[in-house]
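Welcome! Take a moment to look over the sequence and turn the structure around, and then let us walk through some of its parts together.

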Amino acid sequence: MQTRALDRIHFVTRHFNGLQGFRYWVPLGLIALSVGGTTYFENPQFLILRAVLFLGAFVMALSASWYYKRTFGEVEPQTASPAREVETLSIYCPAGPTPRLGGFQRMSPMVRSILIPLGLAVVLFTVFQTIRPDLIIDEDESLVQPPWATLSVSLALQDGPWTWPMRTHSTNKAMDGQLMYALLGSCFFGIWLGRGRRLSQSYYLGLGIVLLGLAAFGTFLGKFYRSEGETARIVDTLLPAVTHLWVAVLFCGAAMILAGLLDHWQLARVLGKPAKETQS
Amino acid sequence: MSTTPFEQLASLDRLVHDPARLAILTALSACERADFLFLLRITGLTKGNLSSHLSKLEEADLVVIEKRFVEKKTQTLVRLSDAGRQTLEGYWKEMAELRESASRWRPQNAALVPAPG
């Protein structure tokens, strides 16, 4: 038995419930896709698609729970012992005051995975709300045409001092999308930290960076805009993703599904197939 | 008196040092308790082997085995006992010491070591 194998056993057992991708991320992603792809457009076909995706997500969440229990068994996660938490906070600990990170790592994974994204999201939200959006975004979401027909966005630099209530409806929606990227990105980043910054979990880091990057790009869009009315090519390519709320929801949904599939793959790879009894 | 790495290796707890039992104990140390099916999947052992190893660990009071009925079927839940947790921690401490002493160890009389060829 190699040390690496033992490490993998320890990791999978510790995060067994969180790695059940078809139980959490994939259904959530399907719901996000159904909301993002259909809510903002009045079309009967979209309504059917939305209903199918919603129903599929609920059925998947329920059946996945049964599937994981039947296929891989059950694990009751470790609860953080209160005595341990007090010890990490106490300066009277026999080993002396423990470093902050050490104490932080001794928290239960659940507490850590909630605290990190919440803290990061609060900071990002504050930053995004205080940054002045110096662009006016004008979108066409007339609800009677297919989504792809609304992808073009017109931008205009804002003249004069910006005041809070002066933002257009489209700018507000774009900011909601950016906030969504920031929240999901920080959540993914928090999961990567909470799972011990392992190489095998680097897809959470990658997805987190992409989503946080999109949030930052949307916030600083004005810096990439040229006053002559031209925009850089990269800006043109990424513009729909940071200005349309529905595209942001689709992106987030796709990221959730990808994370869920990779989580499940990790679980299935380590737990493999049960060994068969050899007949003598 | 200092001991050689070989003496340390010989004094390791055989009950824990066995790869299959070490895998079981490692899995149990990362959770509150796990059921038989999960241990089967994570260790890659057969049912018979897993049962046998669990019995040995239970006899040594390293694990606690509980049985309960779920949907008219028996579910076996296994958890690490306090003694088991201490034993495992002690084992890893010993392994760390062994690694340390093995990296420092040099043959006392190098001239007696036959040259290759």
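In this predicted model, the buried residues of helix H8 of chain A are A:Tyr204, A:Leu207, A:Gly208, A:Leu211, A:Leu212, A:Leu214, A:Ala215, A:Gly218 and A:Thr219. Viewed along the axis of H8(A), these residues stay within an arc of 150°, so they line one face of the helix. A general rule helps here: an α-helix has 3.6 residues a turn, so residues three or four places apart point the same way. The length of H8(A) also agrees with expectation, because its 18 residues should span 26 Å at 1.5 Å a residue and its end C-alpha atoms are 25 Å apart.

Where does the largest nonpolar core get its residues? Helices of chain A that each give two or more residues to this core are shown here:

| Helix of chain A | Residues |
|---|---|
| H2 | 25-38 |
| H6 | 109-130 |
| H7 | 169-194 |
| H8 | 202-219 |
| H10 | 233-243 |
| H11 | 245-271 |

H7(A) gives the most, with 14 residues. The core has 43 residues, and A:Tyr181, A:Leu184, A:Phe188, A:Leu211 and A:Cys252 touch the most other members. Beyond its neighbours within four places in sequence, A:Cys252 is in contact with A:Ala32, A:Met180, A:Tyr181 and A:Leu184. Apart from this core lies another, of 35 residues, including B:Leu28, B:Ala30, B:Ala34 and B:Val78.

Now for chain B. B:Thr26 sits in helix H3, residues 19-29. Is B:Thr26 buried or exposed? B:Thr26 counts as buried because 23 C-beta neighbours lie inside 10 Å. Leaving out residues up to four places away in sequence, B:Thr26 touches A:Leu6, A:Ile9 and A:His10.

Notes
Residues are numbered from 1 along each chain as its sequence is written. Chains are lettered from A and ligands numbered from 1 in the order in which they are written. This is a predicted model: local features need pLDDT of at least 70, side-chain atom pairs count only at pLDDT 80 or more; totals for chains, interfaces and linings use all residues. A nonpolar core is a set of buried Ala, Val, Leu, Ile, Met, Phe, Trp, Tyr and Cys residues joined through C-beta atoms within 7 Å. A residue is buried if 20 or more other C-beta atoms lie within 10 Å of its own, exposed if 12 or fewer, and partly exposed in between; C-beta atoms are placed from the backbone. Helices (H or I, at least four residues) and strands (E, at least two) are DSSP runs, numbered from the N terminus. Two residues are in contact if their C-beta atoms, placed from the backbone, lie within 7 Å. The expected span of a helix is 1.5 Å times one less than its number of residues. The arc is that of the directions from the helix axis to the C-beta atoms.
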